[in-house]
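Me: I am new to this structure and would like a close look at one part of it. Please describe the surroundings of the bound ligands, and begin with the one that holds a metal.

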Amino acid sequence: MTTKAVAVLVVVAMAAAMAAEASKELSVDYYKKSCPGVENVVKYHVAKALKANRGDGAALVRLIFHDCFVRGCDASVLLDPTPENPETEKTAPINIGLAAFELIDEIKAAVEERCPGTVSCADIIIYAARDASSLLSNGHVHFDVLAGRLDGRVSRASDAQRDLPDSTFTVSELIRNFRRKNFTIEELVILSGAHAVGVGHCSSLRARLTAPPEQILPAYRSLLAGKCAVAPDPVVPNNVRDEDPAAVAATIPSFLPKLRKFEFLDNTYYHNNLARIVTFNSDWQLLTEKEARSKVHEYADNGTLWDEDFSASLVKLSQLPLPPKAKGEIRHHCRRVNAY
Ligand code: HEM
Ligand SMILES: *[C@@H]1O[C@H](CO)[C@@H](O)[C@H](O)[C@H]1NC(C)=O
Ligand SMILES: *[C@@H]1O[C@H](CO)[C@@H](O)[C@H](O)[C@H]1NC(C)=O
């Protein structure tokens, strides 16, 4: 064998060793020995970010969904486009507005300093989304994170377009989309409650501006139309309770007492939904199917039940696996795969 051939073989063997097959068991104390305190490091950075901008919290809660529904929870959503792979997941239209990438970088850098090459970006997303949902709900949403995920090496915009639900979906399309990932109608309704926080672009709710009164409270439609007219594609709060007081006073004055100082992760989404005051077509569509509608009522009636069930559904979401035989690794930097 030539020296060159030997070198190639060594590189191939190293690559195989470094990119493990990603089907290990997850566990709560996965980093207990290899990176003690990692959860405190993540929480410190998430809390600091949310103190400056609660919107980062919503971004993290969306990030766990958009990562885990596409090739499992493998941080494939974090990979930046490169000349070799110019269309990674984050370039997909369905991922419009996805954020908190800098915050994840900051957390990863802090974790790498403490325990280099040990904690996956995939686990960091779950820890950070857990801490964000806990902080945004004053601790009402809480759960232990099972860790030990590996970061994927594949990220394709077309996978995101195929696997993530669109805001224009009908209820049957939503149910089918969740079913494909083994999520029930009940879980679809529970997880949609995340729209109690955060923002959406007007382009994501364009059809709502001309939807009939059975689908959207006309006063709210006017509010959205007014806000969407002032710039090419601005964002509006997902939860009417986070709207500008002036806009609400001008359109739905009866809602003024319900406005809140901070965005908060709670069951208000279900109250808004029953009042036909939600942003996306996919939100109101939940009222058009018998089981989904009864769940909307159930969670509107019992906020504690939603806190608990939302926590459990995030745990289930966080366990979506990589595709069979996919290779995983611990990335050094969350925006790019490791070089060999
Ligand atoms: C059921 C199907 C769903 C659809 C069709 C949907 C659609 C959307 C859309 C269109 C946006 C606004 C994007 C933009 O225009 O910038 C959005 C935002 C958001 N979504 Fe969903 N979503 C769904 C389910 C979920 C789930 C399961 C979660 C998390 C558990 C979630 C969490 C969020 C959050 C937190 C935001 C605000 C993000 C921010 O402010 O940065 N969504 N969603
Ligand atoms: C859904 O469940 C089936 C049957 O248990 C399993 O084969 C499949 O891999 C699961 N799909 C996902 C995305 O977890
Ligand atoms: C609401 O849900 C909680 C948690 O499951 C339960 O303990 C409580 O009894 C429920 N409250 C009502 C009024 O049904």
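Reply: The account below starts with ligand 1, then turns to ligand 3 and to a pair of helices.

This is a predicted model, in which local features need pLDDT of at least 70 and side-chain atom pairs count only at pLDDT 80 or more, while totals for chains, interfaces and linings use all residues. Residues are numbered from 1 along each chain as its sequence is written, chains are lettered from A and ligands numbered from 1 in the order in which they are written, and side-chain values use heavy atoms, with hydrogens and water left out.

Ligand 1 contains an iron atom, and the only protein donor to that iron is NE2 of His-195, at 2.1 Å. Donors here are N, O and S atoms within 2.8 Å of the metal (3.2 Å for Na, K and Ca); water is not among the atoms, so sites may look incomplete. His-195 sits in the loop between helix 8 (185–192) and strand 3 (199–201). Helices (H or I, at least four residues) and strands (E, at least two) are DSSP runs, numbered from the N terminus.

Ligand 1 is surrounded by 26 residues, and the closest are His-195, Gly-198, Val-199, His-201 and Ser-204. To surround a ligand, a residue must have a heavy atom within 4 Å of it. Helix 3 (55–68), helix 7 (171–179), helix 8 and strand 3 each supply at least two residues of this shell. Helix 3 gives the most, with five residues.

Several polar contacts (pairs of N or O atoms within 3.5 Å; within protein, one must be able to donate a hydrogen and the other to accept it, and residues adjacent in sequence count only if both atoms are side-chain atoms) can be listed for these ligands. An N or O atom in the side chain of His-195 lies 2.9 Å from a nitrogen atom of ligand 1. The side chain of His-201 has an N or O atom 2.6 Å from an oxygen atom of ligand 1, and a polar backbone atom of Val-199 is 2.8 Å from an oxygen atom of ligand 1.

Around ligand 3 are Asn-302, Leu-305 and Glu-308. An N or O atom in the Asn-302 side chain is 2.4 Å from an oxygen atom of ligand 3, and a polar side-chain atom of Glu-308 is 3.3 Å from an oxygen atom of ligand 3.

Last come the two helices. The axes of helix 2 (residues 38–52) and helix 5 (residues 121–136) come within 9 Å and cross at roughly 50°.

Note on methods. Axes are lines fitted to C-alpha atoms, for helices over the stretch in contact, and angles run from 0 to 180 degrees between N-to-C directions.
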